[in-house]
Amino acid sequence: QVRLVESGGGLVQAGGSLRLSCVASGSIFRIDVMGWYRQAPGKQRELVATITSGGDTNYADSVKGRGTISRDNAKKTVYLQMNSLKPEDTAVYYCYVRLARITFPDYWGQGTQVTVSS
């Protein structure tokens, strides 16, 4: 059983910053990919950013230059630093991991709400 626990969401004013964290626990051999997705009301879930075990990153165009994803492999933790937040960043943010050497490798967190007020 793998569990992902997110933290760091909340209400922030436009132009502000926040940092999301997600800790993975359970039966984990290795985490190949860690990342963040988000889903706004009435919209599909979309990629925010991902990071591989080797440190390669991928960002959605909408957050490039404003977001930084990082991970601590020893702590099985992924972070998302978001700056210059906009009202359109308002969404539920979901932590995601892809595990190695497991039949069903993809796991999601419960989500944390981020609300950006104008």
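Colleague: Which residue's side chain does Arg66 meet in a salt bridge?

Modeller: Asp89. In this predicted model, the N to O distance between the two side chains is 2.8 Å.

Colleague: Where do Arg66 and Asp89 lie?

Modeller: Arg66 is in the loop between β6 (57-59) and β7, and Asp89 is in the loop between β8 and β9. They are 23 residues apart in sequence, so the salt bridge ties together separate parts of the chain.

Colleague: Are Arg66 and Asp89 buried or exposed?

Modeller: Both Arg66 and Asp89 are buried.

Colleague: How many salt bridges does the count come to?

Modeller: The count is 6. One of them joins Glu46 and Arg38, at 2.7 Å from N to O. Another joins Arg98 and Asp106, also given as 2.7 Å, N to O.

Colleague: Which residues are linked in a network of salt bridges?

Modeller: Arg38, Glu46, Arg66 and Asp89.

Colleague: Back to Glu46 and Arg38. What is the relative accessible area of Glu46?

Modeller: Glu46 has 35%, so Glu46 counts as partly exposed. Arg38 has 5% and therefore counts as buried.

Colleague: And Arg98, at what relative accessibility?

Modeller: Arg98 is at 37%, which means partly exposed. Asp106 is at 33% and is partly exposed too.

Colleague: Let's stay with Arg38. Where is the place of Arg38?

Modeller: Arg38 sits in strand β4, which covers residues 31-39.

Colleague: With which side chain does Arg38 make a polar contact?

Modeller: With the side chain of Asp89, at 2.9 Å. The side chain of Tyr93 also makes a polar contact with Arg38, at 2.9 Å.

Colleague: What else does Arg38 touch, not counting residues up to four places away in sequence?

Modeller: The list includes Gln44, Arg45 and Val48, then Ser62, Val63 and Met82. Glu88, Ala91 and Val92 are also among the residues touched by Arg38.

Colleague: Val92, then. Which strand is Val92 found in?

Modeller: Val92 belongs to strand β9. Leaving aside neighbours within four places in sequence, Val92 is in contact with Tyr37, Arg38 and Gln39, and with Gly111, Thr112 and Gln113.

Colleague: How many Å separate the C-alpha atoms of Val92 and Val23?

Modeller: The separation is 17 Å, and the two residues are 69 places apart along the chain.

Colleague: New topic: disulfides. How many does a search of the whole structure find?

Modeller: The search finds 1. That disulfide joins Cys22 to Cys95, with an S to S distance of 2.0 Å. Cys22 is in strand β3 and Cys95 in strand β9 (residues 91-99), so to speak of distant parts of the chain is fair: the pair is 73 residues apart.

Colleague: Is the link of Cys22 and Cys95 left-handed or right-handed?

Modeller: Left-handed, with -85° about the S-S bond.

Colleague: And are the two cysteines buried or exposed?

Modeller: Cys22 is at 0% relative accessibility and counts as buried. Cys95 is likewise buried, at 0%.

Colleague: Now the sheet. In what order do the 4 strands of the open sheet come?

Modeller: The order is β1-β3-β8-β7, with antiparallel pairing. β1 (2-7) and β7 (67-72) are at the edges; each has a single partner strand, so one side of each has no neighbour in the sheet. From one strand to the next, the twist averages 15°.

Colleague: How many bridges join β1 to β3?

Modeller: There are 6 bridges between β1 and β3 (residues 18-26), and the strands run antiparallel. In this pairing Ser7 is opposite Ser21 of β3.

Colleague: And at the other edge, over how many bridges do β7 and β8 pair?

Modeller: β7 pairs with β8 (residues 77-82) over 6 bridges, again in the antiparallel sense. Ile69 stands opposite Leu80 in β8.

Colleague: Which residue in the hairpin of β7 and β8 takes a positive phi?

Modeller: Lys76, with phi near 55°. The hairpin has 4 residues between the strands.

Colleague: Last one: which side chains of β7 point to which face?

Modeller: Gly67, Ile69 and Arg71 point to one face and are buried. Thr68, Ser70 and Asp72 point to the other face and are not buried. In a regular strand, side chains alternate between the two faces of the sheet.

Methods
Residues are numbered from 1 along each chain as its sequence is written. This is a predicted model: local features need pLDDT of at least 70, side-chain atom pairs count only at pLDDT 80 or more; totals for chains, interfaces and linings use all residues. Side-chain values use heavy atoms; hydrogens and water are left out. Two strands pair if DSSP finds at least two bridges between them. Helices (H or I, at least four residues) and strands (E, at least two) are DSSP runs, numbered from the N terminus. Axes are lines fitted to C-alpha atoms, for helices over the stretch in contact, and angles run from 0 to 180 degrees between N-to-C directions. Buried means under 20% relative accessible area, exposed over 50%, partly exposed in between (1.4 Å probe, protein chains only). A disulfide is a pair of cysteine sulfur atoms within 2.5 Å. A salt bridge is a side-chain nitrogen of Lys or Arg within 4 Å of a carboxyl oxygen of Asp or Glu. Contact means heavy atoms within 4.5 Å. A polar contact is a pair of N or O atoms within 3.5 Å; within protein, one must be able to donate a hydrogen and the other to accept it, and residues adjacent in sequence count only if both atoms are side-chain atoms.
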